[in-house]
Amino acid sequence: MAVTQLCSSASLFYMSCFPKNATLSSPIQFSQQRVVSFNTVICCASPRDTIEHSGNGFGGLPEKLYSHRESAPRPGLGTTSSSTSTNKVPPPRPRRIILVRHGQSEGNVDESVYTRVSDPKIRLTEKGMADAEECGKRIREMIEKDKVHDWKVYFYVSPYRRTVETLKGLGKAFERSRIAGMREEPRLREQDFGNFQDREKMRLEKAMRMLYGRFFYRFPNGESAADVYDRITGFRETLKSDIDVGRFQPAGERNSNINLVIVSHGLTLRVFLMRWYKWTVEQFDGLNNFGNGSMVVMERGYGGRDTIEHSGNGFASFPQKHYSHKESGTRTSTNKTPPPRPRRIILVRHGQSEGNVDEGVYTRVSDPKIGLTEKGVADAEKCGRRIREMIEEDQVHNWKVYFYVSPYKRAVDTLKGLGKSFERSRIAGMREEPRLREQDFGNFQDREKMRVEKSIRMRYGRFFYRFPNGESAADVYDRITGFRETLKSDIDVGRFQPPGQRNPNINLVIVSHGLTLRVFLMRWYKWTVEQFERLNNFSNGSMVVMERGYGGRYSLSVHHKEEELREFGLSNEMLTDQEWQKYAKPGELNYDCPTLNSFFTHFGEDDDGAAEEEY
């Protein structure tokens with residue numbers, strides 16, 4: 001689609017400020033002891049673009065995987081070289097997808113724990129840790145029965161404490177050389193039952209849920225199973241895409257013995273199965289929960305599809321990609337060159353707003369309608385000049401900018417201020433994107449109540465606490481994940497390219513809000529909840545720049561100094577990953593992912609040495 005087609009008539013309002021698959025015969029019933037199901041995982045090993053930031057923050061943009069023949073652009077250079085792929089065979093599917101429910105938790109044996117400990121912080125009991133270690137041994141024994149030498153495991157895990165502890169227990173069964181990677185995935189979190197839980201009220205709510213319907217009943221200030229379905233749908237699409245492009249494959253290998261392990265919660269895993277196999281709500285309502293520390297195994301069947309393997313509970317197929325009769329299982333692409341990636345992705349926080357200087361504004365003006373102060377307008381115009389100066393240092397003649405903007409008034413006003421630095425011929429287009437909106441704090445805000453809520457949030461956890469009638473940062477993560485997929489798709493198809501052109505000097509500018517941009521970075525670079533919570537906010541009118549590195553990916557370390565990144569809150573592990581991305585080529589995976597050492601503490605020196613030699 002041409003850029004001119006991207007801008008609807010509504011865009012003229014903003015421009016006016018500028019100078020010119022598978023089925024089952026029967027549903028699976030789950031016992032309290034064992035269960036079977038299907039799900040997947042991905043580590044910080046995927047290719048990305050790095051974020052460049054003027055002192056306030058950074059993040060990376062996942063790159064499309066190309067073959068070893070496709071050289072990546074160097075900083076300051078033009079397009080990537082053409083890719084030639086003839087009779088390219090799709091990557092092998094994982095041998096298994098193994099779903100694991102966490103071990104026994106403190107909340108499983110004493111429901112009163114929920115009244116004093118936030119759900120994400122509830123840990124395993126001593127029995128729960130034993131559950132996890134035993135499950136890890138069973139997984140290894142099952143894999144070793146394949147009698148293949150090159151098998152590996154890759155883990156996805158919910159960020160809740162009990163699931164992370166379960167992962168650590170599972171991991172004790174595997175040396176470092178057997179672990180292909182891991183990723184903490186917030187969309188795999190437990191259903192939200194509503195911050196700190198009153199025991200008697202929760203009993204009443206669960207009784208009402210049975211009357212209303214288990215799938216659709218939403219807990220006060222929490223979620224319904226239908227809400228979980230929505231975010232699991234997004235995760236399923238991510239997983240399917242990662243499988244299709246061979247995201248779990250070591251560089252240069254075609255390993256058909258990868259085993260994906262997903263560590264999550266009972267309802268979340270049942271919803272995952274419902275979504276994947278297209279079960280009805282009635283079939284979902286008939287399912288029993290998994291037992292603590294139990295596993296569900298999806299294994300490739302005789303025809304190449306993956307089937308759910310379970311002790312007497314049924315089977316289901318794992319949808320395979322369909323090819324035309326001419327392809328016979330191969331994909332043919334002749335000299336098709338991927339479109340050039342944007343030179344930069346620039347994140348901008350809105351200028352100073354009326355709410356930044358007087359919190360009382362929120363009691364009488366709705367959040368989306370709060371505008372900029374006089375200083376905020378100046379912030380925006382100054383940022384626009386800085387962006388132009390940075391771009392002009394490239395000394396190329398054909399550069400352009402494309403804008404995404406939150407629909408909130410202060411973000412739109414900031415866009416208008418930025419736009420004054422660019423004549424019409426330099427603006428490739430713009431789009432108002434509601435998924436870039438601010439975290440919802442709950443309609444008109446009572447000042448004193450909000451102070452209390454924010455203090456409770458500090459006790460509960462900044463990422464998971466949901467404001468009454470509003471959102472948690474985890475909710476923002478879910479919608480930003482959708483935006484990221486849209487952005488990635490637009491980049492892959494060359495959506496920002498003028499008709500008939502292949503311009504490598506497009507600069508994307510995203511105008512949004514502090515928390516939203518931090519969550520965007522978290523999602524893009526696959527940072528953990530713990531890493532997110534250590535980040536500092538952007539200042540008003542500041543920018544973060546993601547710029548192509550030496551190998552073709554975007555890296556924070558291209559533009560920003562280490563001191564800037566540390567000031568923003570990046571840890572040693574995050575800095576190491578950014579430095580890797582600075583030089584990595586598209587298609588390379590970071591199998592020396594430093595995050596692994598935070599989750600698996602049982603590795604010894606021998607394991608590390610083996611890993612370095614193998615990878």
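1. The lining of the second largest cavity is mostly a matter of charge and nonpolar groups: six charged, four nonpolar and one polar residue. Here Ala, Val, Leu, Ile, Met, Phe, Trp, Tyr, Cys and Pro count as nonpolar, Asp, Glu, Lys and Arg as charged, and the others, Gly among them, as polar. Among the lining residues are Tyr160, Arg189, Glu190, Phe464 and Asp475. The space is about 70 Å³ (the volume filled by probe spheres set on grid points, joined across faces, edges and corners). On a 1 Å grid over the protein atoms alone, a cavity is a set of points where a 1.4 Å probe fits but cannot get out, and a pocket is an open set with protein on both sides within 12 Å along at least five of seven lines; lining residues have an atom within 4 Å of a point.

2. Keep in mind that this is a predicted model: local features need pLDDT of at least 70, side-chain atom pairs count only at pLDDT 80 or more, and totals for chains, interfaces and linings use all residues. Residues are numbered from 1 along each chain as its sequence is written, and side-chain values use heavy atoms, with hydrogens and water left out.

3. Now the second largest pocket, with about 720 Å³ of space. It has 31 lining residues, and Arg101, Glu190, Phe193, Lys206 and Asn289 are the closest to its centre. The lining splits into 13 polar, 12 charged and six nonpolar residues.

4. Which element gives the largest share of that pocket's lining? Helix α6 does, with five residues (helices are DSSP runs of H or I, at least four residues, numbered from the N terminus).

Note on methods: Helix = DSSP H or I, 4+ residues; strand = E, 2+ residues; numbered from the N terminus.
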